Amino acid sequence: MLDRYNPANWQILWDEVFNAAVAVIAAIVIAYALYRVIFAVVTRLTRGSETKIDELVVDRVRAPAKWSFIVLGVTFVAQYDPQLQAIWEPLARFLRPALLGWIAYTLVKAFTVAMEFRMEVSSDPIAVRSRRTRLAVLSRAATFAIVFITVGLMLLGIPAVRDIGTTLLASAGLAALAVGAAAQPALKSLIAGLQVALTEPFRLGDLVKVDGEVGRVEEIRMSFVTVRTWDERVLVVPTSQFLDASFENWSRVNEKLSGPVFLHLDPATPIQPIREEFERYVSQHDLFDGRNMALLMTEAYPESIELRLSVSAQSIGDLWALRCAVREHMLEWLRDNLPESLIRHRLEVPNGHPKAGEP
């Protein structure tokens, strides 16, 4: 070993440092040039393809690939210089898993963007919501796994915390049991998120009724689901609740629904004129899709009867507007044409009552 305090050896030490620096710089330049050449060819090939998906994937992985080329180039040069290898190898053990995790993460994000781009050209809204749901949940699960494994491998590359990394990876099963006892609700929600992605009881954009509230599924996370109601409130519901309790999905197959309008009228009301006016009005309405139109007397009480006027529409929003329009029109028509059908509370006093003629 050279004596650092001997001036005669300074030149030798300087030459070694200079040669190592030149080798590192040369490796970086060559690796960068190789990266530019390879990606220039790949970019030209992707531009010639008929879809933009290839370009999206290449653009996402460009940055981590560049740094991976540089790290591999320096690692290759360090194999032929023991002193450079002694300096570089501890750092490389930390950088290599980080770059691999970065590449895996960008690939997941790239394929997610590519799948979303492909779904935009689909004409089936139900299939699009189904794929978006699976893509959102599974991509988050893959991201979590990549980050967990990358952090564990990086800890393995640091001698001071290698034991922590070994314990994190090798004892994952034991750790899961220990953590599961204290975090059972959270783990239950994570598993429920995967179940939702695979079984699809609901999807992004579905109209659901949960906890007495109706709204659109806006976001599906591993542990919770956000539902936006008509008045713009956001309900945050644990994912496991959708699997443990019943809920209503109003757009599971499609958004074509039938809905009722109830009228409570006097028992002496003639039904046929009301049925004719109802059918005339609904058949000419723009929101009616022609599938379901019926008027039935569903209840009869001593003081009232109940009429159920059922209609259908192409979407849930159209059905709501159509029901409101039918309800308003029929009440106006009854007031103008059959006012006696509207329920009134009457008090009849017999003519022979002793107090009937008193002032």
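**Hairpins, salt bridges and aromatic pairs in a predicted model**

Strands β1 and β2 are joined as a hairpin with 2 residues between them, and D211, which lies in the turn, has a positive phi of about 55°. The model described here is predicted. Strand β1 covers residues 207-210 and runs antiparallel to β2, with 4 bridges joining the two. A good place to start looking is L207, which stands opposite R216 in β2. From β2 the chain passes into a further hairpin, which leads to β3 through 3 residues. Here 5 bridges join the strands, and β2 and β3 again run antiparallel. Within this pairing, E219 is found opposite T226 in β3.

Another hairpin is formed by β7 and β8, with 4 residues between them. Strand β7 spans residues 293-300 and strand β8 spans residues 305-313; the two are antiparallel and are joined by 7 bridges. In this hairpin, L295 faces its opposite residue, L309, in β8.

Attention now turns to charged side chains. Side chains of opposite charge can pair when their charged atoms come close. Across the whole structure, a search finds 6 salt bridges. One of them links E218 with R228, whose closest N and O atoms are 2.6 Å apart. This pair links distant parts of the chain, since E218 belongs to strand β2 (residues 213-220) and R228 to strand β3 (residues 224-229), 10 residues apart. E218 is partly exposed, with a relative accessible area of 42%, and R228 is also partly exposed, at 31%.

A salt bridge in a buried setting is made by the side chains of D206 and R203, at 3.7 Å from N to O. D206 has a relative accessibility of 0% and therefore counts as buried. R203, at 2%, counts as buried as well. A further salt bridge brings R291 and D289 together, with 2.6 Å between the closest N and O atoms. R291 has 42% relative accessibility, so this residue counts as partly exposed. In addition, E213, D231 and R233 are joined into one network by salt bridges that share partners.

The aromatic side chains can be followed in a similar way. A pair of aromatic rings is described by the distance of the centres and the angle of the planes. The search of the whole structure finds 6 aromatic pairs. Among them is the pair of Y32 and Y35, which is tilted, with 5.8 Å from centre to centre and 40° between the planes. Both residues lie in helix α1 (residues 10-47), and because they are 3 residues apart, about one helical turn separates Y32 from Y35. Y32 is partly exposed at 34% relative accessibility, whereas Y35 is buried at 6%. The planes of F242 and F247 stand at 85° with ring centres 5.0 Å apart, so this pair is edge-to-face. F242 counts as buried, at 4% relative accessibility. Y32 and Y35 also belong, together with F39 and F69, to one aromatic cluster.

Finally, the surface carries a nonpolar patch of about 380 Å², made by F144, F148, I149 and L153. Of these residues, I149 is placed in helix α4, which spans residues 125-156. I149 is partly exposed, with a relative accessible area of 44%.

Note on methods: Residues numbered from 1 in each chain as written. Predicted model: local features only at pLDDT ≥ 70, side-chain atom pairs only at ≥ 80, totals over all residues. Heavy atoms only, no water. Patch = residues over 30% accessible without salt bridge, like charges linked within 9 Å, V, L, I, M, F, W, Y side chains within 5 Å. Areas by Shrake-Rupley, 256 points an atom, 1.4 Å probe, with all protein chains shown as cover. Salt bridge = Lys/Arg side-chain N within 4 Å of Asp/Glu carboxyl O. Buried < 20%, exposed > 50% of the residue type's maximum accessible area, 1.4 Å probe, protein only. Pairing = 2+ DSSP bridges. Phe/Tyr/Trp six-rings, centres within 6.5 Å; stacked < 30°, edge-to-face > 60°.
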